[in-house]
There are 2 protein chains.
Amino acid sequence: VVSPFDADTEVSAVGPGRWTGNVTDRWDIGVPNGGYVLCIALAAVRAAVQRPHPLSVTAHFLSPCDHGAAEIEVRVLKQGRSLATASAVLAQGGRPRLAVLATYGDLRSQNGPTLVTTTPPSLPPPEECGFVGDRPAAVIGVRPAIADRVEFRPSPASARALVARGAPAQLEGWIRLADGRDPDTDCLPLLVDAAPPAVFAVMETGWVPTLELTVHVRAVPAPGWLRAAIATRVVVDGLMEEECELWDAEGRLVAMSRQLARILPPQT
Amino acid sequence: VVSPFDADTEVSAVGPGRWTGNVTDRWDIGVPNGGYVLCIALAAVRAAVQRPHPLSVTAHFLSPCDHGAAEIEVRVLKQGRSLATASAVLAQGGRPRLAVLATYGDLRSQNGPTLVTTTPPSLPPPEECGFVGDRPAAVIGVRPAIADRVEFRPSPASARALVARGAPAQLEGWIRLADGRDPDTDCLPLLVDAAPPAVFAVMETGWVPTLELTVHVRAVPAPGWLRAAIATRVVVDGLMEEECELWDAEGRLVAMSRQLARILPPQT
C-alpha cells in the first residue's frame, strides 16, 4: 500500500531537467496546501541532485495551484562534494505556481559540535489532545481535505486558544500523516505548513496565504508522532512571520521553518 | 560623496535579464562577505522588478567570490499587482557563486493588523559599547576589511562573552554602516550578516561559512543606529542556524533573518 503522501508527490522525468507531477485534491485548504505542492517540486529536485536530505529549502508561492498536471523545471547549480543546490519552478499550463531554491546533502555524514538550547513542547499524550468544536474549519467554511491527510492534535490549551482567541499567537500539538506513515525528511516540508496558523489563536482573520516558506531539516526523524511548536511574534501591516519547530519521538529537533504570510480579512 | 555600500553594490545592465557588478576587496571576512555579495545580486533584482523593497530574500552560497567582475542573471517569475518575484544567479567567469530567490514590493502600501510581541534589546548608548581586545579578529587571524565598512558595537556583556566564551550563543549590540550612511531596505540584507557569529560567544570555532541566508525586511528603517539581536539555538553535527533581528532608532523591527551555516574547526 502506497501512502497518499508518496502517491500524490510522485514525479516522472520527461526530459533533461524536466519533470511532471499531479496536484491532487486531497491536500486542499481551499486551494492545494503550499507545503504539499512544495513536496511535489522537491521530489523533482531530489531526483535531479541525487542526494537524500533537504538541508535548506525555500519556496516563494506565486499563484495558487489548480488540481491536475504540473511541470517542474529543475536547474542544478552546484554538485559539490557534500552538498548540491538546485533551483526549480513548478508551473501549470505554463503559469509559474511556485519557485524553489534547495540545498540537499546527507545529514548522516555531517560532523562537528552539537548544542541545542531549545526544548520540545511538553504535551499530554496524543489521545488527550485534539481540536475543540469546529475550529479551525470555521475560518474557511468547510472541513479542509488536508484534515483527512495530516492529523494535528493541539494541546488542550492550544485547542482552547483556537476557540477563545486573545491568547498569544502560539500553538503546540502532535502532528503526523493521518495514515500513520512514519515521518521522513521528504514530508517535513509539508508538516511544517500543515497545522493551523498560530495567529488564529490571537485574532479573528480570514485565510493566511503563504508568500514564502523556508525549512531547515536538521535531523532524520524517528518513527512515530512529531511534536510541533508554532508561533508568530511579528505581524506588521497584515504581513506576518510564522515559525514552526518539529521534534521527533526521540526528542530531537528535526525541522525548523519560518514563513512570511499575508493575513486576509475575515470573511463576512 | 557616494557611500562605499552604494558604490560597491552598483550594477549595470548588459542585456535582457543580464547585469554586471564588481566584488570589491572592502567587505572581506577572509573572503567577500556573503551579505555583501547578496546585495550586489539584489541590486540587479531590484532593477529588474522595479519595486522598492525586498520583502523576503533567500540566498544559497555556492562558492566564495573572488574580487572582480561578477555577472548577474535575473529571471522575473511574477509581476503581480502588489508583489514581484525573481530568481537570480551571480557568477564569476561562468562559475555560479550564489543563487537568490526574492520577492519585492512596497512596504508602505501594505495594510492589515500589526502585533509585535518581541522587543528590541536594551543597550547602553553606542559610546559605551564595543569590542574588548582583538576579538573576534583573532578567529580569522587578521582584522577583516569589513570591520572598516560596518561598525558593530557589542554590548559590554556581549563583548565579554566573545572573549570568555561559555556564555549563551547570543550577541546584542549597535550596528550601522561605518561611514554613517543611514540604513535603508537595500543594506539590511548585508547588516543581518555583518556582525560576528553568535556561536563565537559559546565555543571555540573556526570560521562559520553561510550555506543559506533568508532575510525578511519588515519595515523601512529610520535614520541612525540599528540595534541587533543575534542568537543561535540549534547546532547539530556542525550545522547551525543563526537568527538576527534588527531594530531601528524608533524601536521598530525592520529585519529578521535566519541562516544555516557550517562550523569549521578552530585553526591550529
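Is A:Pro32 buried or exposed, and what is its relative accessibility? Select A:Pro32 and check: at 7% relative accessibility it counts as buried. Here, buried means under 20% relative accessible area, exposed means over 50%, and partly exposed is in between (1.4 Å probe, protein chains only).

Before you click on, two notes on what you are looking at. This is a predicted model, in which local features need pLDDT of at least 70 and side-chain atom pairs count only at pLDDT 80 or more, while totals for chains, interfaces and linings use all residues. Residues are numbered from 1 along each chain as its sequence is written, chains are lettered from A and ligands numbered from 1 in the order in which they are written, and side-chain values use heavy atoms, with hydrogens and water left out.

**Stop 1: around A:Pro32**

Stay on A:Pro32, which sits in the loop between strand S2 (18-23) and H2 of chain A. Helices (H or I, at least four residues) and strands (E, at least two) are DSSP runs, numbered from the N terminus. Now show the residues that A:Pro32 touches: A:Val23, A:Trp27, A:Val37, A:Cys65, A:Asp66 and A:His67, not counting residues up to four places away in sequence. A contact means heavy atoms within 4.5 Å. For a long jump, add A:Ala167: its C-alpha atom is 28 Å from that of A:Pro32, and the two are 135 residues apart along the chain.

**Stop 2: all of chain A**

Zoom out and colour chain A by secondary structure; you should find 5 helices and 14 strands. The C-alpha atoms fill a box of roughly 50 × 45 × 40 Å, taken along the principal axes. A compact globule of 268 residues would have a radius of gyration near 18 Å, and chain A agrees, with 18 Å. That radius is taken over C-alpha atoms, and the globule rule is 2.2 Å times the number of residues to the power 0.38. Buried residues make up 60% of the 268 in chain A. Of the contacts in chain A with a separation of 6 or more, 71% are between residues 24 or more positions apart.

**Stop 3: the core**

Next, select A:Val100, A:Ile175, A:Leu190 and A:Leu246. These have the most contacts inside the largest nonpolar core, which has 77 residues. A nonpolar core is a set of buried Ala, Val, Leu, Ile, Met, Phe, Trp, Tyr and Cys residues joined through side-chain atoms within 4.5 Å. Helix H2 (residues 34-49) of chain A gives the largest share of this core, 11 residues. Click on A:Val100: leaving aside neighbours within four places in sequence, its contacts include A:Leu38, A:Ala41, A:Val57 and, from the other chain, B:Leu101. A second, separate core of 76 residues includes B:Tyr36, B:Ala102, B:Phe152 and B:Ala195.

**Stop 4: helix H4 and its end**

Select H4 (156-164) of chain A. Which residues are buried in H4(A)? They are A:Ser158, A:Ala159, A:Ala161 and A:Leu162. These cover an arc of only 160° around the axis, so they lie on the same side of H4(A); the arc is that of the directions from the helix axis to the C-beta atoms. The buried residues pack against strand S8 (150-154) and S9 of chain A. Turn to the face away from the buried side and you meet the exposed residues A:Arg160 and A:Ala164.

Just after H4(A) comes A:Arg165, with a positive phi of about 60°. Most residues other than glycine have a negative phi. A:Arg165 is buried, at 13% relative accessibility. Its side chain reaches the backbone oxygen of A:Leu162 at 3.4 Å. That fits a polar contact: a pair of N or O atoms within 3.5 Å; within protein, one must be able to donate a hydrogen and the other to accept it, and residues adjacent in sequence count only if both atoms are side-chain atoms.

**Stop 5: over to chain B**

Select B:Gln50, in the loop between helix H2 (34-49) and strand S3 (53-61) of chain B. B:Gln50 also has a positive phi of about 60°, although it is not a glycine, and it counts as exposed at 65% relative accessibility.

Finish with B:Leu264, in the segment after strand S14 (253-262) of chain B. B:Leu264 and B:Gly206 are 58 residues apart in sequence but 4.9 Å apart in space, C-alpha to C-alpha.
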